[in-house]
Each structure stands twice: as C-alpha cells, then as structure tokens.
Amino acid sequence: MRNFLTSLFLLFPMISQAQEFQVVSSAVSVRQVPMGQIEKTLNPGERAPLTSLFTFWGKTENGWVNLDYTSFDFPFEKVMGELPLKFSVITSPKEIDGLKLNENDVLYVAKVKDGKAVCLFKNRAFLIPEKELNVESSTFSVIVVNRKAKLSDGVNSVTLDPGTALLKGSGGYVYRNHFYTSLEPIREETSVDVDAVLKEINRLVDIFNSAKFSSSLADRLGYYVKTMPVRDEDVELVRTGDGGVGVVVTLKYKFYLKNGEPIKGRKTRLFLKESNYEFWRRLSEDLFKSGVDKFVDIRVYRFNGKDSYEDCGFVDSSYHLYKLGYLKDWKSFLKNSESNLNDDLWFFADEVYERLEDD
C-alpha cells in the first residue's frame, strides 16, 4: 500500500512567467489591437516578450502581434489558484453503497460527523464510516494544461486536451476523482508532404501563366510576365515551437515573348496587380489546405535585366485569418496580409495601354 500524498503539499503562487516569441516569417506587424492599426514592424529573427495572450494574438509592451508569424511555445501548464481539500484515496478496489471504486480513485470529503464522512465522487454524495477511510487535508494547485497531455498512474492513462483543468500536488495529479503519478506533454508536429506542396504550387503556376499568355494585354504587347517553375530549393518548411509549420515559397518572374523566347535586357514588372494578388491568395489558400497551419510566406523575385533575379519583397498570410474567412478574395487578402513590395515592381495596365495608343 502506498501513501501517495503527504499532509503538506507544495504551494504554487500565482506568478507571471516571462514568455518570448521570435519572428520566423518575413515580418510581423505590431498593432494597437488585434486586427487594428499598425504601430511598427518586427523583422525576421527579432524577439520580444509577451505580457498576455488572446487566441492567436500575443500582446507586447508596444501592441499586439499575430503569433502565426512567430515561433512561440506556450508554457506547458498555468497555475490558476489554490484549493484546500479534505480527501481520501482508495488503496484497493472496493464497492461502497453500490458504487465500484478502483485503486487510486479519490473521494472528496465534505464533512465528518459522528464517525461518518460525507463523501463526493463524480457528483454523487454518500456516507461512509470514517474508520474505513484515511482522511487527509491538503492544499492543491489548480492548473490548466496549455498543450495536449497524457496523465498516467502506471497502469491507467488518459489524454487531456489543451485547456483542461486539474489538481496538482507534490505527489501527483487528481483528475476526475482519480490520482495520477505523471503528466507529460504530447508533442504533435504537423505533417506536410513537400512533394505534394511543390506539385500543387506548379499546378497553379501553370494555370496563371496560361491566363497571362492568352490575355488581351499580352496579345497587344507581344509579351507577358511568366512565373518561373518552382523548384525544390524554392520551397522551405519552417517548424515552430508549438509543432506547427509555415512555408516559404520563392516566386521568380520574367518577361517572355509570345513565341516563347525570354526578354533578357529588361527588368521584369508585374501587370494587373489584382490578378497577381489573386494568384498569391489562391496559392496561400491551397497550401493551408495541404496542411500548413502557421503562415505562407511568398517572396517575390523579378529578373533584373542582366543575368539574375532581385528581391522585390514579400506577401505573408496567416493560417488563422484564413480559417476565419479573412482571405476570401484578393481585396481581403491584400488588406489582411503582411506585405512589403518594391514600388518599382508594378507596371499598371492603364499605363501600358496609354503607351500603346501613343505609339
């Protein structure tokens, strides 16, 4: 027989544990409130402390950030308070008043009077002679687990979802009237098939290239902007502290004549800004459907007119904003994404038509 709880438990005061995040996408905005006005921007690799959390938003001393763009690991457990209790542990299986009790089940003792104890077990109250119990009094910490976890007593185990509350003492844990000796986090990493992701990206690339090739603008100009095929080295998965995954996709653009020849002496610019945002939105949406559950970071490169490509900025989108329906069309995508694109990247269609008319 094991006396698993001593008469004095460790006390766990309410304290704030300093937490920190690190930016793992191209950038993240610091906002006055979630979804609010932008106050400043944090760059890749920058770290900042968190003071509080609200869903997928984290509060810093300067404002709120979307944690989808960061690597951040919640503390495994959070202490919510303390609870003094009288209790008794079942040391061997028995049946009391028609109720079957197993080893390590816990009875809460509400009152002891005249040699009898008023006990509670899973919302049921009944009387038990005090001499049949080993009544103890101690203070438990009330904790909440922030990640999926497994409780075990060496024989039996139970899986807890994030947000589950339980009692913690120096000898173990009590959950649903049962004592467990160990509590361990369950680390679940998102699984993403890189080959499938690459295939899906190039499927979309082909669709939008075909649309641009056959557009009236391309017919009048004799050339169009081609998105180059995406290779293995253009796709990078980013694992974050909570087991999630983001993806970085490098897209390269180059002018091509209608006959299939590349234009080598000019810097590439993108026509029809709306269609490009729609392409990036569709690409992000499909990647989120493929298992990416943090962010999609699209890095835009254009042919520099010589022999290589130059970095023209990025467009990042958040998984949780996608799930909430904030990326439903190109306008909402533009409004709710993180982006910083070179002004010289754009070549608007109306300017092109004006030049054609002048010629």
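**Exercise 1. The strand β26 and its partners**

Which residue is the bridge partner of F314 in β27? Work in this predicted model, and then describe how β26 is paired and covered.

*Solution.* Begin with the residue asked for: the bridge partner of F314 in β27 is N340. This pair belongs to the contact of β26 with strand β27 (residues 338–341), where 4 bridges join the two in the antiparallel sense. Next, turn to strand β25 (residues 295–303), which is joined to β26 by 8 bridges and also runs antiparallel to it. Within that pairing, Y309 of β26 has F303 standing opposite. The hairpin of β25 and β26 leaves 5 residues between the strands, and there G305 adopts a positive phi near 85°. Finally, consider the cover of β26, which spans residues 309–318: of its 10 residues, 7 are buried, and the strand is thus mostly covered. As background for the pairings, strands of a sheet are held together through backbone hydrogen bonds, in either a parallel or an antiparallel arrangement.

**Exercise 2. An open sheet and one of its edge strands**

Determine the strand order of the open sheet that contains β1, and then characterise T70 by its place, its accessibility and its contacts.

*Solution.* The sheet is open and consists of 3 strands in the order β4-β1-β8, with antiparallel pairing. Its edge strands are β4 (47–50) and β8, each of which pairs on one side only. Between strand β1 (residues 19–23) and β4 there are 4 bridges in the antiparallel sense, and one bridge partner can be named, since L50 in β4 is matched with Q19. For the other edge, T70 is placed in strand β8 (residues 70–71). Its relative accessible area is 0%, and because buried means under 20%, T70 is classed as buried. When neighbours within four places in sequence are left aside, T70 is in contact with F21, Q22, V23, V24, T240 and K294.

**Exercise 3. Two positive phi angles outside glycine**

N104 and D114 each have a positive phi without being a glycine; for each residue, find the loop and decide whether the residue is buried or exposed.

*Solution.* Take N104 first, whose phi is about 75° and which lies in the loop between β11 (99–101) and β12 (106–113). Its relative accessibility is 8%, so N104 counts as buried. Then take D114, with a phi of about 55°, located in the loop between β12 and β13 (116–121). Here the relative accessible area is 71%, and D114 is therefore exposed.

**Exercise 4. A nonpolar surface patch and the cysteines**

Which residues form a nonpolar patch on the surface, and how many disulfides does the count give?

*Solution.* The patch is formed by M35, L324 and Y326, which together have about 280 Å² of accessible area. Of these, L324 is found in the loop between α4 (319–323) and α5 (330–336), and it counts as exposed because its relative accessibility is 55%. For the second part, recall that a disulfide is a covalent bond between the sulfur atoms of two cysteines. The criterion applied here is a pair of cysteine sulfur atoms within 2.5 Å, and by this rule the count comes to 0 disulfides. As for the burial of individual cysteines, C119 is buried at 0% relative accessibility, and C312 is likewise buried, with a relative accessible area of 2%.

How values were computed:
Residues numbered from 1 in each chain as written. Predicted model: local features only at pLDDT ≥ 70, side-chain atom pairs only at ≥ 80, totals over all residues. Heavy atoms only, no water. Buried < 20%, exposed > 50% of the residue type's maximum accessible area, 1.4 Å probe, protein only. Pairing = 2+ DSSP bridges. Patch = residues over 30% accessible without salt bridge, like charges linked within 9 Å, V, L, I, M, F, W, Y side chains within 5 Å. Areas by Shrake-Rupley, 256 points an atom, 1.4 Å probe, with all protein chains shown as cover. Salt bridge = Lys/Arg side-chain N within 4 Å of Asp/Glu carboxyl O. Contact = heavy atoms within 4.5 Å.
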